[in-house]
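Visitor: I would like to learn how to read a fold from its elements down to single side chains. Could we take the strands before the helices, and the loops after that?

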Amino acid sequence: MKVVHLTTAHEPSDVRIFHKECCSLAEAGYNVILVCPSNAISNNSNNKGVLIDPISEPKNRKERMTRTVYQACDIALAHKADLYHFHDPELIRIVPRLKRSGAKVVYDSHEDVRAQIRTKEWIPKWIRGFIARGFGT
């Protein structure tokens, strides 16, 4: 089974994503690809049985929320995975594209995103509650 893990916010050596999740899956015999931002890693670098397929590091938050999301999606889909796994809330909008490939899609939230949104200084205060409610209960 081929699993592609996508992130637009975490570096290739992230403890939770790379070490605890991707490496554990690779050790269990899964074919694992990590699509993540890195300007330091060459394309298709293999580390501990995990193929790392880098995307360009975003220059700012706006770029991460826009261009980087679609770049990660395109690269992930090129791997033709059986399962796509991600944690970053900005990737939720690409779920329909991932599902159209016939693969399973897992959104695995590590934090209480609703509570976090209510404290994000970069989101205008007047809209934080509305955005937070969009993430469900």
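Guide: Let us begin with a strand, remembering that this is a predicted model. In a regular strand the side chains alternate between the two faces of the sheet. Both faces of E5 are covered here, with Leu83 and His85 buried on one side and Tyr84 and Phe86 buried on the other.

Visitor: Which strands pair with E5, and in what sense?

Guide: E1 pairs with E5 in the parallel sense over four bridges, and E5 is also joined by four bridges to strand E6, residues 104–107, again running parallel. Tyr84 shows both pairings at the level of a residue, since Val4 has Tyr84 as its bridge partner in E5, while Tyr84 stands opposite Val105 in E6.

Visitor: What is the order of elements along the chain?

Guide: The protein has six helices and six strands, and from the N terminus on they run β-α-β-β-β-α-α-β-α-β-α-α. Of the 137 residues in the protein, 40% are buried. Among contacts between residues at least 6 apart in sequence, 46% join residues at least 24 apart.

Visitor: Which residues does a buried strand position such as Leu34 touch?

Guide: Leu34 lies in strand E2, residues 31–37, and counts as buried because its relative accessibility is 1%, below the 20% cut-off. Leaving aside residues up to four places away in sequence, Leu34 touches His5, Thr7, Pro12, Ile17, Phe18, Cys22, Val50, Leu51, Ile52 and Asp53. Separation in sequence and separation in space can also be set side by side for Leu34 and Leu6, which are 28 residues apart along the chain and 6.0 Å apart from C-alpha to C-alpha.

Visitor: Asp53 appears in that list, so what does the side chain of Asp53 contact?

Guide: Asp53 belongs to strand E4, residues 50–55, and is buried yet has no salt bridge, the nearest side chain of opposite charge being that of Lys2, 9.6 Å away. The side chain of Asp53 does make a polar contact, at 2.7 Å, with the side chain of His79.

Visitor: Turning to helices, how should I read which residues are buried in H1?

Guide: An α-helix has 3.6 residues a turn, so residues three or four places apart point the same way. In H1 the buried residues are Ile17, Phe18, Glu21, Cys22, Cys23 and Ala26, and of these Ile17, Phe18 and Cys22 are among the residues that Leu34 touches. Length is a separate matter: H1, residues 15–27, has 13 residues, but its end C-alpha atoms are only 16 Å apart, short of the 18 Å that a straight helix would reach at 1.5 Å a residue.

Visitor: How do H3 and its surroundings look when read in this way?

Guide: Helix H3, residues 67–78, has twelve residues and reaches 17 Å from its first C-alpha to its last, close to the 16 Å expected at 1.5 Å a residue. Its buried residues are Thr68, Val69, Ala72, Cys73, Ile75, Ala76 and Leu77, and what covers them includes strands E1, E2, E4 and E5 together with helices H2 and H4.

Visitor: What should I look for at the ends of these helices?

Guide: A side chain may cap one end, and the backbone may take a positive phi beyond the other. Asp14 caps the N-terminal end of H1, with a side-chain oxygen 3.2 Å from the backbone nitrogen of Arg16, and just after H1 Gly29 takes a positive phi of about 100 degrees. H3 is followed by Lys80, which has a positive phi of about 50 degrees although it is not a glycine. Lys80 sits in the loop between H3 and E5 and is exposed, with a relative accessible area of 68%.

Visitor: Is His10, another loop residue, buried or exposed?

Guide: His10 lies in the loop between E1 and H1, and it counts as buried because its relative accessibility is 19%, under the 20% cut-off. The side chain of His10 makes polar contacts with the side chain of Asp14 at 3.3 Å and with that of Asp88 at 3.5 Å. Asp14 is thus met again, having appeared as the cap of H1. Beyond residues up to four places away in sequence, His10 touches Arg16, Ile17, Cys36, Pro37 and Asp88.

Terms used. Residues numbered from 1 in each chain as written. Predicted model: local features only at pLDDT ≥ 70, side-chain atom pairs only at ≥ 80, totals over all residues. Heavy atoms only, no water. Helix = DSSP H or I, 4+ residues; strand = E, 2+ residues; numbered from the N terminus. Buried < 20%, exposed > 50% of the residue type's maximum accessible area, 1.4 Å probe, protein only. Contact = heavy atoms within 4.5 Å. Lys, Arg positive; Asp, Glu negative; His and termini not counted. Salt bridge = Lys/Arg side-chain N within 4 Å of Asp/Glu carboxyl O. Polar contact = N/O pair within 3.5 Å; in protein donor to acceptor, adjacent residues only side chain to side chain. Expected span 1.5 Å × (residues − 1). Pairing = 2+ DSSP bridges.
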